[in-house]
Amino acid sequence: MQGITELFHPWARKSFYWMLCRRQKVFEKIRGIRHLVLAEYGLPYVYPAAVEEAANRLSNEITAEEIAKRADFRNITTFTIDPVDAKDFDDALSIRSAGEGLWEVGVHIADVSHYVTEGSIIDKEAFKRATSIYLVDRTIPMLPEHLCNFLCSLRPNEEKLAYSVIFTMNEKAEVKKFDITRAVIKSDRRFTYEEVQEIIEKGEGEYYEEISTLNRLAQKMREKRFTAGAIDFQQAQVHFRLDDNGKPLSVYFSESNESHQLIEEFMLLANRTVAEKIGKKREYIAMLEKGETDMQLSTFIMISDAVGLKFALTY
């Protein structure tokens, strides 16, 4: 610093130092505001030691007995598509030909339930947190880092446990059959949205055939959704580029393109399929709402019954 400022006149050196101090004060203020947000909303950015220890004791070994219980997708082309700054990869897609103009597409979600059992200390902490919280410079995860960034992150070239929905689809993106199953997978590649978009636009690149097929099916599903009356909630999202110390460098906007839509459509398809499957199994749902009057609940049940949803009211 001294070598640089010696090149300036005294008044310039003073101005230069003033500018640096001002920028540092702004940075410190921003950092202080971040901590204020954490405190104001009581965000639990530190895990209890007992929860961390319980998570760290979980083994990453997948036994032959466990693999035997699951559908084996380790030798089927599989990859993840996420933001460039993603730390954990909790969903993946697989694809292979099913013959006669059909495709088998797998939507794989990390199987957290294998590691986090109901009523365990990790489960209770996750229940209290309810969700992961995303701030500009950090993520406050629902699960300890050993789980979300390691055991349950579908990282490339590592065998991972998943809960999967496997679709057999034709070229019109019509689902001919599906299966919901526990699986073991091995991702071949970790893609960013930008990489996949470039492959789509250039018509070449790693796994081009698989990506182009998935994109073709996704665009057909998307078209059918909007034709059926789906609402397009897409809008530009604001992102911040930070340095290694969390200091803001610039602001940029990202908009949904085909690489994002590819993931969105298959995740929507999987969610809808699972919801419909559960809905058919559970025709009657028992519910108790404090503070609701009998008339309000009766009205709700009458409306629900009109659209085919059956509720059993209990007190």
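Select helix 8, residues 208-227, which lies across strand 2, strand 3, strand 4, strand 7 (159-170) and strand 9 and runs at about 90 degrees to strand 4. Helices here are DSSP runs of H or I with at least four residues, and strands are runs of E with at least two, numbered from the N terminus; angles run from 0 to 180 degrees between N-to-C directions of axes fitted to C-alpha atoms, for helices over the stretch in contact. This is a predicted model, in which local features need pLDDT of at least 70 and side-chain atom pairs count only at pLDDT 80 or more, while totals for chains, interfaces and linings use all residues. Residues are numbered from 1 along each chain as its sequence is written, and side-chain values use heavy atoms, with hydrogens and water left out.

Next, show the sheet beneath that helix label by label: seven strands form an open sheet of mixed pairing, in the order 1-8-7-4-3-2-9, where two strands pair if DSSP finds at least two bridges between them. Strand 1 (71-73) and strand 9 (189-192) stand at the edges with a single partner strand each, so one side of each has no neighbour in the sheet. From one strand to the next, the twist averages 35 degrees.

Now select strand 3 (residues 91-99) with strand 4 (residues 102-110), which pair in the antiparallel sense over eight bridges; Ala92 stands opposite His108 in strand 4. Add helix 7 (residues 193-202), which packs on the sheet and touches strand 2 (78-82) and strand 9, with its direction at about 85 degrees to that of strand 9; contact means heavy atoms within 4.5 Å.

For the second largest pocket, select its lining residues, among them Ile109, Asp111, Asp123, Met142 and Tyr163. Strand 4 and helix 5 (121-129) are the elements that give two or more residues to this lining.

Finally, colour by pLDDT, the predictor's confidence in each residue from 0 to 100. The protein averages 84, and 81% of the residues score at least 70, but pLDDT stays under 50 over residues 1-14, for which the model has nine contacts beyond four places in sequence.

Definitions and conventions:
On a 1 Å grid over the protein atoms alone, a cavity is a set of points where a 1.4 Å probe fits but cannot get out, and a pocket is an open set with protein on both sides within 12 Å along at least five of seven lines; lining residues have an atom within 4 Å of a point.
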